[in-house]
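Work through the exercises below with the coordinates open. Each task is followed by a solution in steps.

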Amino acid sequence: MQPHAGRDVGRYLRALAGKLDELAPAVVGGVPDTAHQMRTTARRASACLTTFGPSLGVGDTVDLRRELAWLTTTLGTFRDAEVLATRLPAQHQVPARVEQALNETLAQATADLTTALGSGRFAALPVVSRLEPVNRPPP
């Protein structure tokens with residue numbers, strides 16, 4: 001890896017961590033498309049850790065990637081429900097019982113996501129603190 005590559009990747013990962021923190025209130029507030037943006041951000045962080053983590057001196061990234069996977073799964077469940085509940089009835093004739101089921105699924109996914117983003121598990125997501133070794137000069 002080039003001498004400054006670790007620093008650049010570290011900056012990118014810290015920016016992703018900051019974006020996760022910025023997006024969380026908007027997701028909870030129901031701002032359109034923010035759950036999708038947050039999920040994409042978490043997936044990018046996980047991919048970056050998979051690719052560059054060992055080279056950056058971050059140490060064991062398995063736990064961090066597992067927590068990011070939990071977050072992306074929770075966001076994905078909400079996003080799938082959101083897309084189906086909003087787009088399907090807008091584009092097709094949907095029986096009332098199907099639309100009701102979609103709305104119930106969305107309501108449950110919304111509650112689950114709100115709980116997850118308000119949880120200690122999300123607050124303790126160690127993205128930034130685990131990236132501190134990136135600040136050190138390369139050996």
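**Exercise 1.** Locate Thr34 and classify it as buried or exposed, then list its contacts.

Solution. Step 1: in this predicted model, Thr34 belongs to helix H2. Step 2: its relative accessibility is 6%. The cut-off for buried is under 20%, so Thr34 counts as buried. Step 3: leaving aside residues up to four places away in sequence, Thr34 touches Leu23, Ala26 and Val27. Step 4: the side chain of Thr34 also reaches the backbone oxygen of Val31, at 2.7 Å.

**Exercise 2.** State where Asp33 lies and what is notable about its phi.

Solution. Step 1: Asp33 is in the loop between helix H1 (5–28) and H2. Step 2: the phi of Asp33 is near 75°, a positive value in a residue other than glycine. Step 3: with a relative accessible area of 33%, Asp33 is partly exposed.

**Exercise 3.** Compare the span of helix H4 with the expected value, then find on which side its buried residues lie.

Solution. Step 1: H4 covers residues 96–117, which is 22 residues. Step 2: from first C-alpha to last, H4 reaches 31 Å, close to the 32 Å expected at 1.5 Å a residue. Step 3: the buried residues in H4 are Leu102, Leu106, Ala109, Leu113, Ala116 and Leu117. Step 4: these residues cover an arc of only 90° around the axis, so they are on the same side of H4. Step 5: Ala96, Arg97 and Thr115 are exposed on the other side of H4.

**Exercise 4.** How many salt bridges does a search of the whole structure find? Describe three of them, with the burial of each partner.

Solution. Step 1: the search finds four salt bridges. Side chains of opposite charge can pair when their charged atoms come close. The distance cut-off is 4 Å, from a side-chain nitrogen to a carboxyl oxygen.

Step 2: Asp63 and Arg66 meet in a salt bridge at 2.7 Å, N to O. The two are three residues apart in helix H3 (residues 62–91), so about one helical turn separates them. Asp63 is partly exposed at 41% relative accessibility, and Arg66 is partly exposed at 48%.

Step 3: Glu82 pairs with Arg79, the closest N and O atoms being 3.2 Å apart. Glu82 and Arg79 are likewise three residues apart in helix H3, about one helical turn. Glu82 is buried at 16% relative accessibility, and Arg79 is buried at 15%.

Step 4: Arg121 forms a salt bridge with Glu67, with 2.8 Å between the closest N and O atoms. Arg121 lies in helix H5 and Glu67 in helix H3, so this pair ties together parts that are 54 residues apart in sequence. Arg121 is partly exposed at 38% relative accessibility, whereas Glu67 is buried, with a relative accessible area of 19%.

**Exercise 5.** For Ala124 and Glu67, and for Thr50 and Val62, set the separation in sequence beside the distance in space.

Solution. Step 1: Ala124 sits in the loop between helix H5 (120–123) and helix H6 (127–130). Ala124 is exposed, with a relative accessible area of 51%. Step 2: Ala124 and Glu67 are 57 residues apart in sequence and 9.6 Å apart in space, C-alpha to C-alpha. Step 3: Thr50 lies in helix H2 (residues 34–56) and is partly exposed at 44% relative accessibility. Step 4: Thr50 and Val62 are 12 residues apart in sequence, and their C-alpha atoms are 8.6 Å apart in space.

Key: Residues are numbered from 1 along each chain as its sequence is written. This is a predicted model: local features need pLDDT of at least 70, side-chain atom pairs count only at pLDDT 80 or more; totals for chains, interfaces and linings use all residues. Side-chain values use heavy atoms; hydrogens and water are left out. Helices (H or I, at least four residues) and strands (E, at least two) are DSSP runs, numbered from the N terminus. Buried means under 20% relative accessible area, exposed over 50%, partly exposed in between (1.4 Å probe, protein chains only). A polar contact is a pair of N or O atoms within 3.5 Å; within protein, one must be able to donate a hydrogen and the other to accept it, and residues adjacent in sequence count only if both atoms are side-chain atoms. Contact means heavy atoms within 4.5 Å. The expected span of a helix is 1.5 Å times one less than its number of residues. The arc is that of the directions from the helix axis to the C-beta atoms.
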